[in-house]
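Q: Please take a close look at one part of this structure and describe its surroundings in a connected way.

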Amino acid sequence: MSLFFKFTGIEKLEKLTKQLEDIKTTYLTDRDIEKLNIQLQKIAKSHRNIMYVFDLFIQQGEELIENGEKKCGFAYFIAFEKYVENDCECVADTVTLYLRLAQYYLENNDTEKGINYLIKLCTETTSNYEESIEFRELTDIWERYKHLVAGKVPESVVTGSGISPIAPENCTMKISDILSLPQEELLTKFSSHLNEMSGNGTCLNYLNKWEKIVYDADLVLTEVNSDGFSGYLYYNGNRFPNAVKAFEEINSPKMLGLMTSVQNKFPSKKVPKSIESIQNKIDKMEEKDIDFEEEDEIFYNDAQNELLDKLYEFIMSNQKKFR
């Protein structure tokens with residue numbers, strides 16, 4: 001099987017968006033909640049491994065709840081509930097997921113399950129969960145129920161980096177101003193903008209699917225320029241699969257080829273998932289004089305220029321997706 005997908009996740013997401021819109025429209029007409037649940041759960045099961053698919057479910061679910069369609073909105077969260085908990089390949093904004101599921105079960109008199117989701121929120125997402133909740137503008141929900149877990153969970157603490165994420169409207173530059181800049185300056189300012197929004201990468205769940213694609217591509221660009229592929233892998237290699245998917249989405253074949261070459265140098269031709277394992281492997285590879293100098297040279301002399309152009313094209317083609 002090829003390392004890379006034949007069709008981009010973005011293409012699949014666009015088709016899925018239309019499908020979900022049709023399902024929502026049908027429900028708002030016939031109000032058949034049972035049929036809605038069946039349809040959403042079927043879609044969740046078949047699409048759960050598509051990059052950022054849960055972002056799409058969250059977006060539509062949140063919009064429905066905010067517009068007073070709570071029963072319909074909660075269905076979007078319930079559809080993905082078991083997959084996010086049990087499927088390691090299913091990536092999701094678990095802060096929003098767990099808080100909304102807690103709200104759903106508490107409002108439907110399943111107190112035990114509601115409290116369990118509050119505990120999961122406070123112990124399995126981020127140590128600075130209250131800030132994460134505030135960023136998502138869900139503090140009113142948290143304030144309503146937090147007494148139920150008082151003394152049962154650790155207190156929310158500031159992120160280890162000491163750098164807090166910033167809401168898009170409070171960033172140094174507005175996205176509309178960034179998008180009007182020439183290519184080189186745009187890419188530089190866009191990188192800074194994403195770092196502001198994510199607390200220098202400590203809170204990537206704050207970025208939407210489009211922003212995460214740019215973030216991961218830009219992270220490789222920045223880190224390889226700074227300290228080669230070895231430096232990128234040593235400190236950010238846990239995001240290697242995300243970078244591969246990002247290069248698929250922006251259609252950068254030269255970077256995809258480089259990522260394959262980099263991966264093939266690892267034992268079993270696979271980059272480990274954890275930073276600790278990656279660092280251990282790289283240390284052992286260096287002892288055997290296995291390095292990434294050839295890939296670095298290809299990047300500096302050729303692939304980097306393609307990446308810069310493709311990244312710019314992707315941003316300009318999806319301007320309305322960024323905040």
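Is Asn225 buried or exposed, or does its relative accessible area put Asn225 in between?

A: The model is a predicted one. In this model Asn225 is partly exposed, because its relative accessible area is 37%, which lies between the 20% under which a residue counts as buried and the 50% over which a residue counts as exposed.

Asn225 belongs to helix H11, which covers residues 209-236. Setting aside residues up to four places away in sequence, Asn225 touches Val220, Phe299, Tyr300 and Gln304. With Gln304 there is also a polar contact, in which the two side chains are joined at 2.6 Å. Ile65, by contrast, is a remote point of reference: 160 residues separate Ile65 from Asn225 along the chain, and their C-alpha atoms are 44 Å apart.

The helix that carries Asn225 also packs against another one. Helix H13, residues 253-264, has an axis that comes within 12 Å of the axis of H11, and the two cross at roughly 20°. Since angles under 35 degrees count as roughly parallel, H11 and H13 are therefore roughly parallel to each other. The crossing in which H11 passes H13 is left-handed. On the H11 side the contact is made by Val220, Phe229 and Leu233, and on the H13 side by Met255, Leu258, Met259 and Val262. Sorted by type, the residues of this contact comprise seven nonpolar, no polar and no charged. Val220 thus appears twice in this description, as a residue touched by Asn225 and as one of the H11 residues that meet H13.

The chain before H11 can be followed as well. Leu207 is placed in the loop between helix H10 (183-197) and H11. Leu207 is buried, because its relative accessible area of 2% falls under the 20% cut-off. Beyond its neighbours within four places in sequence, Leu207 is in contact with Leu194, Met197, Ser198, Lys212, Tyr215 and Arg323. Asp55 is 152 residues from Leu207 in sequence, yet the C-alpha atoms of the two are 9.7 Å apart in space.

A further buried residue is Ser132, with a relative accessible area of 2%. Ser132 is part of helix H7, residues 129-135. Without residues up to four places away in sequence, the contacts of Ser132 are with Val95, Thr126 and Tyr206.

Methods
Residues are numbered from 1 along each chain as its sequence is written. This is a predicted model: local features need pLDDT of at least 70, side-chain atom pairs count only at pLDDT 80 or more; totals for chains, interfaces and linings use all residues. Side-chain values use heavy atoms; hydrogens and water are left out. Helices (H or I, at least four residues) and strands (E, at least two) are DSSP runs, numbered from the N terminus. Buried means under 20% relative accessible area, exposed over 50%, partly exposed in between (1.4 Å probe, protein chains only). Contact means heavy atoms within 4.5 Å. A polar contact is a pair of N or O atoms within 3.5 Å; within protein, one must be able to donate a hydrogen and the other to accept it, and residues adjacent in sequence count only if both atoms are side-chain atoms. Axes are lines fitted to C-alpha atoms, for helices over the stretch in contact, and angles run from 0 to 180 degrees between N-to-C directions. Angles under 35 degrees count as roughly parallel, over 145 as roughly antiparallel, 65 to 115 as roughly perpendicular and the rest as oblique. A crossing is left-handed if the near helix is turned anticlockwise from the far one by less than a right angle, and right-handed if clockwise. Ala, Val, Leu, Ile, Met, Phe, Trp, Tyr, Cys and Pro count as nonpolar, Asp, Glu, Lys and Arg as charged, and the others, Gly among them, as polar.
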